[in-house]
Amino acid sequence: MMTTKNQYKTFSIPTSLYPFYATSVLTKSEKPAYEIDISSLIPKDIKKDLKENDIKLDIPKTKVFIKFNKEKNLYEYIMVEPVIGRKTFNIYMNLLSVIERNLLSKSKHIELGKILMEIAEEDSEVFEDENMTTLSEPYKKAMYYVVRNLFGYNIITPLLFDTNLEDISINGINEPLYVYHKNYEYIPTNIILKRRIELFGMKIDGSKILDELVLRFTSLSNKTISIANPMIDGVLPAGDRVAATFRMEVSPKGSSLVIRRFPENPLTILDLINSNTLSPEVAAYLWYALDQRMPFMVIGLTGSGKTTLLGALLNLVKPSWKIITIEDIPEINIAQDNWIQLVARPVYGELGKEVSLMDLLKLSLRYRPDMIVVGEIRGEEAYVLFQAISTGHGGATTFHAYDSKSAIQRLLNEPLNIPREWIPTMNLIIDVRRMSLPSKNKVTLRRRIFAIDEVVSVDELRRTVSWDPKEDKHNIDYNSMVVLRRITAEIGIDFEQVKEELERRSEFLRLLASSKKLTSTKESYRLLKKYIIMYSGDPDVALKEARKLSK
Ligand SMILES: Nc1ncnc2c1ncn2[C@@H]1O[C@H](COP(=O)(O)OP(=O)(O)OP(=O)(O)O)[C@@H](O)[C@H]1O
Ligand SMILES: [Mg+2]
């Protein structure tokens, strides 16, 4: 073996490369809930290099167990990475130093294939087979950490690849890291950054790993964080949101970091139908109301799915419409051609001026949009949005509120001060909620449209949709659709026709929702748009096509 026992005691490597890993006392026979593959981190040219040398890298997968902890009465997220023994550790350290040398030479990228062949000249245990194509177990394990640390984000890398997680939250040093799991809400993990971490004599302060992660994510979001300015809120290149605090300036437990994942493929109205967030009938109603330019507002508490529903509905907008979205953080992603996306920005350096939602909203009125969408109303932009709607613009937004009554109260009062007469210009209030529902002797989280109200006047709401918790289904009341009835009557459509159209649309959506192609691929939301365009051209043809789909 080329390495001696204590060779690395004094060897220092960058914090980001420290091979800190998560393990657990689980027995080997237990089956993980699922596994995570981080190999897509490997850059293309390195993959090419490996291929040229005929080497398969298959690094191990990270295992995830979700266990109920009876004592604490909660679920725990247990991440298990390959265990590093002395041998793997030495291999890892050696790989790093050879890689470093390779980078210092003139090579453009890490010539991993060449490096492995080179090491194999001295160490007969690099490969498992004589053809030198498959790495031996210890090398696979060591490569796992090379990939994780060199191209990823140390111990949180696998979490970033777990598509079940909506966010990842590091609350400080010596605290378990929390994840927000689709089915379990916030649950603790077995990952704890301790003050003292030690691996084979190599000691590190976990807060260094944490600070380093904060610095990296901050710079990735094009911001800076420091003792002088210890707090950031930003967006990562892939659209994920990041918020962080630095060291102990404002967070006594040390740096904190929250990464909120941006869903890769936006959930479409079909996904929401399939997960029973709403029924095809309710979706048809909202789609039709949207076509009638009825302004709407999605309300609910934090994380209830407001922005998701707003985005899904916007994807149903007529192709001929011009949409402007105005947001603090770009979240809405729609397949509309005539779409202007505006994003507010904070004060920029010393000279740059702040551009607020309000500034953008005022500007957008000059762009002659068919529909103005404000991601979320919180301050003075609420007034401008209502003003725009009350002068005949189409509009939509989300608003943080428990239910429609309290939403209206908040709109009327300080600091928003929306005039009473403007309230009914927001024709629809859609109330979304996140609830725990029992299913197969375990409780899981579900998001549901809880109610939809048509706003007749500031004191008169008509409930057109209500969710029945016993049956977990949506009841729709056509008789209460007084605002829709008034609006359609004004253009000479009688309500029987409206109902027929709603039925046709719900049939159409039901068919689309049962198609695999439209619900399970990356391109689903774009494909859905094609069908919506088809429908707006000729509903009967579109319906025929939809029937073909589901066969
Ligand atoms: N109907 C749904 N079914 C499954 N997952 C959903 C649903 N709606 C939203 N989600 C997921 O829940 C998370 C939060 O959703 P979203 O951002 O839409 O909530 P929000 O109410 O706008 O939150 P905030 O109050 O922070 O603005 C996202 O990760 C999203 O993918
Ligand atoms: Mg939101």
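This passage walks through a predicted model of a protein chain with a bound ligand, going from the overall fold to a few chosen regions.

A good place to start is the chain as a whole. Its secondary structure amounts to 16 helices and 20 strands. Measured out along the principal axes, the C-alpha atoms occupy a box of roughly 85 × 60 × 55 Å. Of the 551 residues in the protein chain, 39% are buried. Among contacts with a separation of 6 or more, 60% join residues that lie 24 or more positions apart.

With that overview in hand, the surroundings of ligand 1 can be examined. The ligand is surrounded by 17 residues, and the closest of these are Thr 277, Gly 305, Lys 306, Thr 307 and Thr 308. Helix H9, which spans residues 306–314, gives the most to this shell, contributing three residues. In character, the shell around ligand 1 comprises ten polar residues, four charged ones and three nonpolar ones.

Attention now turns to a pair of helices. Two packed helices are described by the angle between their axes and the distance between the axes. For helix H2 (residues 86–104) and helix H3 (residues 112–122), the axes come within 11 Å and cross at roughly 125 degrees. This angle falls between the ranges counted as roughly perpendicular, 65 to 115 degrees, and roughly antiparallel, over 145, and H2 and H3 are therefore oblique to each other. The crossing of H2 past H3 is right-handed. On the H2 side, the contact is formed by Val 98, Ile 99 and Asn 102, while H3 supplies Ile 115, Glu 118 and Ile 119. These contact residues of H2 and H3 divide into four nonpolar, one polar and one charged.

Further along the chain, helix H11 offers a view of a mostly covered element. Seven of the ten residues in H11 (residues 381–390) are buried. The buried set consists of Glu 381, Ala 382, Val 384, Leu 385, Phe 386, Ala 388 and Ile 389. What do the buried residues of H11 pack against? Their partners include two helices, H10 (357–365) and H12 (404–412), together with two strands, S15 (371–374) and S16 (394–400). After H11 comes Gly 392, a residue with a positive phi, near 100 degrees.

Methods: Residues are numbered from 1 along each chain as its sequence is written. Chains are lettered from A and ligands numbered from 1 in the order in which they are written. This is a predicted model: local features need pLDDT of at least 70, side-chain atom pairs count only at pLDDT 80 or more; totals for chains, interfaces and linings use all residues. A residue is buried if 20 or more other C-beta atoms lie within 10 Å of its own, exposed if 12 or fewer, and partly exposed in between; C-beta atoms are placed from the backbone. Helices (H or I, at least four residues) and strands (E, at least two) are DSSP runs, numbered from the N terminus. Two residues are in contact if their C-beta atoms, placed from the backbone, lie within 7 Å. A residue is near a molecule or strand if its C-beta atom, placed from the backbone, lies within 6 Å of it. Ala, Val, Leu, Ile, Met, Phe, Trp, Tyr, Cys and Pro count as nonpolar, Asp, Glu, Lys and Arg as charged, and the others, Gly among them, as polar. Axes are lines fitted to C-alpha atoms, for helices over the stretch in contact, and angles run from 0 to 180 degrees between N-to-C directions. Angles under 35 degrees count as roughly parallel, over 145 as roughly antiparallel, 65 to 115 as roughly perpendicular and the rest as oblique. A crossing is left-handed if the near helix is turned anticlockwise from the far one by less than a right angle, and right-handed if clockwise.
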